Amino acid sequence: MTEAGGCAKCGESPDKMVMIRLAAILLILSIAQAEAGQAKILRYVSQRPEQAYLREGPSYAHKVLWIYRHRGYPFAVIAQFDVWRRVQAPDGTVGWMAASMLTDQRTVLVTGKERVKLTADADGGKVVALADPGAIAGLKACTRDACRVHGEKVDGWIPKSRIWGVGADEVFDKISRR
């Protein structure tokens with residue numbers, strides 16, 4: 001270091017050195033925030049193949065943390081790097097998956113400890129099915145309080161409070177109109 005605070009060996013000015021240090025600190029803080037579970041969800045995706053590997057980092061050289069064995073399992077994408085996606089599973093587990101292991105087709109996971117009723121209408125109505133905790137269903141539409149899901153020979157509405165894989169404020173309709 002020179003008396004003015006720069007780097008004599010590398011020829012950097014004091015201002016540039018301060019900016020580099022500040023950038024490094026901001027990077028460390030953003031990583032720490034993501035690690036603390038406060039990461040912003042960019043979008044929801046689901047598992048494409050029958051088996052997908054969750055890794056410690058964004059490369060095949062990184063250690064496998066978990067092997068997911070259920071096509072359609074939902075994940076939240078919280079970051080991306082090249083062909084890798086940093087995902088969060090419904091249980092909070094975070095790691096990296098190759099983008100080829102994921103699809104943009106939306107699914108949800110039924111949560112809770114007891115079965116939940118699927119109804120014919122978003123506001124209730126006739127019960128069309130019961131869903132067990134841990135069940136995975138395709139996602140068709142969401143209102144403020146409920147989402148329309150589908151599975152094997154089942155199509156109905158479920159309270160948002162009983163599923164994982166959709167944002168609390170998310171409202172949309174993917175149902176084709178004729």
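Which residues form a nonpolar patch on the surface? Tyr53, Val64 and Ile67 do so, and together they have about 200 Å² of accessible area. The structure is a predicted model. This briefing treats the surface patch, a pocket, the salt bridges and some individual residues in turn.

**The nonpolar patch**

- The patch on the surface is made up of Tyr53, Val64 and Ile67.
- Valine 64, one of these residues, belongs to strand β3, which covers residues 64-68.
- With a relative accessible area of 32%, valine 64 is partly exposed, because that class lies between the buried limit of under 20% and the exposed limit of over 50%.

**The second largest pocket**

- A probe the size of a water molecule, rolled over the atoms, shows where empty space is left.
- The volume of the second largest pocket is about 180 Å³.
- Three elements each give two or more residues to the lining of this pocket, namely β10 (124-131), β11 (136-142) and β12 (146-151).
- Residues that line the second largest pocket include Val110, Leu118, Leu130, Ile136, Val149 and Val154.
- Several alanines are also found in the lining, among them Ala129, Ala131, Ala135 and Ala137.
- His150 and Gly151 line the second largest pocket as well.
- By chemical character, the lining of this pocket consists of ten nonpolar residues, two polar residues and no charged residues.

**Salt bridges**

- Side chains of opposite charge can pair when their charged atoms come close.
- The model has six salt bridges, among them the pairs described below.
- Aspartate 132 and arginine 115 are joined by a salt bridge through their side chains, with an N to O distance of 2.6 Å.
- Aspartate 132 is in the loop between β10 and β11, while arginine 115 is in the loop between β8 (107-110) and β9 (116-121), so this pair ties together parts that are 17 residues apart in sequence.
- The partners of this pair fall into separate accessibility classes: aspartate 132 is partly exposed at 35% relative accessibility, and arginine 115 is exposed at 53%.
- A salt bridge also connects aspartate 155 with lysine 140, and their closest N and O atoms are 2.6 Å apart.
- This pair links distant parts of the chain, since aspartate 155 is in strand β13 (residues 154-159) and lysine 140 is in strand β11, 15 residues apart.
- Aspartate 155 is partly exposed, with a relative accessibility of 29%, and lysine 140 is also partly exposed, with a relative accessible area of 24%.
- Arginine 144 and aspartate 145 form a salt bridge in which the closest N and O atoms are 3.5 Å apart.
- Arginine 144 counts as exposed at 63% relative accessibility, whereas aspartate 145 is partly exposed at 47%.
- Lys140, Arg148 and Asp155 are joined into one network by salt bridges that share partners.

**Residues with positive phi**

- Aspartate 82 is not a glycine, yet its phi is positive, at about 55 degrees.
- Aspartate 82 is found in the loop between β4 (74-81) and β5 (84-88).
- Aspartate 82 has a relative accessible area of 63% and is therefore exposed, as the limit for that class is over 50%.
- Lysine 153 is likewise a residue other than glycine with a positive phi, in this case near 60 degrees.
- Lysine 153 lies in the loop between β12 and β13.
- The relative accessibility of lysine 153 is 90%, so this residue counts as exposed.

**Strand residues and C-alpha separations**

- Valine 94 is part of strand β6, which covers residues 94-98.
- At 25% relative accessibility, valine 94 counts as partly exposed.
- Valine 94 and arginine 55 are 39 residues apart along the chain, and their C-alpha atoms are separated by 8.9 Å.
- Arginine 86 is located in strand β5.
- Arginine 86 is buried, because its relative accessible area is 11% and the limit for buried residues is under 20%.
- Arginine 86 and alanine 98 are twelve residues apart along the chain, with 8.8 Å between their C-alpha atoms.

Definitions and conventions: Residues numbered from 1 in each chain as written. Predicted model: local features only at pLDDT ≥ 70, side-chain atom pairs only at ≥ 80, totals over all residues. Heavy atoms only, no water. Patch = residues over 30% accessible without salt bridge, like charges linked within 9 Å, V, L, I, M, F, W, Y side chains within 5 Å. Areas by Shrake-Rupley, 256 points an atom, 1.4 Å probe, with all protein chains shown as cover. Salt bridge = Lys/Arg side-chain N within 4 Å of Asp/Glu carboxyl O. Helix = DSSP H or I, 4+ residues; strand = E, 2+ residues; numbered from the N terminus. Buried < 20%, exposed > 50% of the residue type's maximum accessible area, 1.4 Å probe, protein only. 1 Å grid on protein atoms, 1.4 Å probe; cavity = no way out; pocket = protein on both sides within 12 Å on 5 of 7 lines; lining within 4 Å. Points joined across faces, edges and corners; volume = space filled by probe spheres on them. Nonpolar A, V, L, I, M, F, W, Y, C, P; charged D, E, K, R; others polar.
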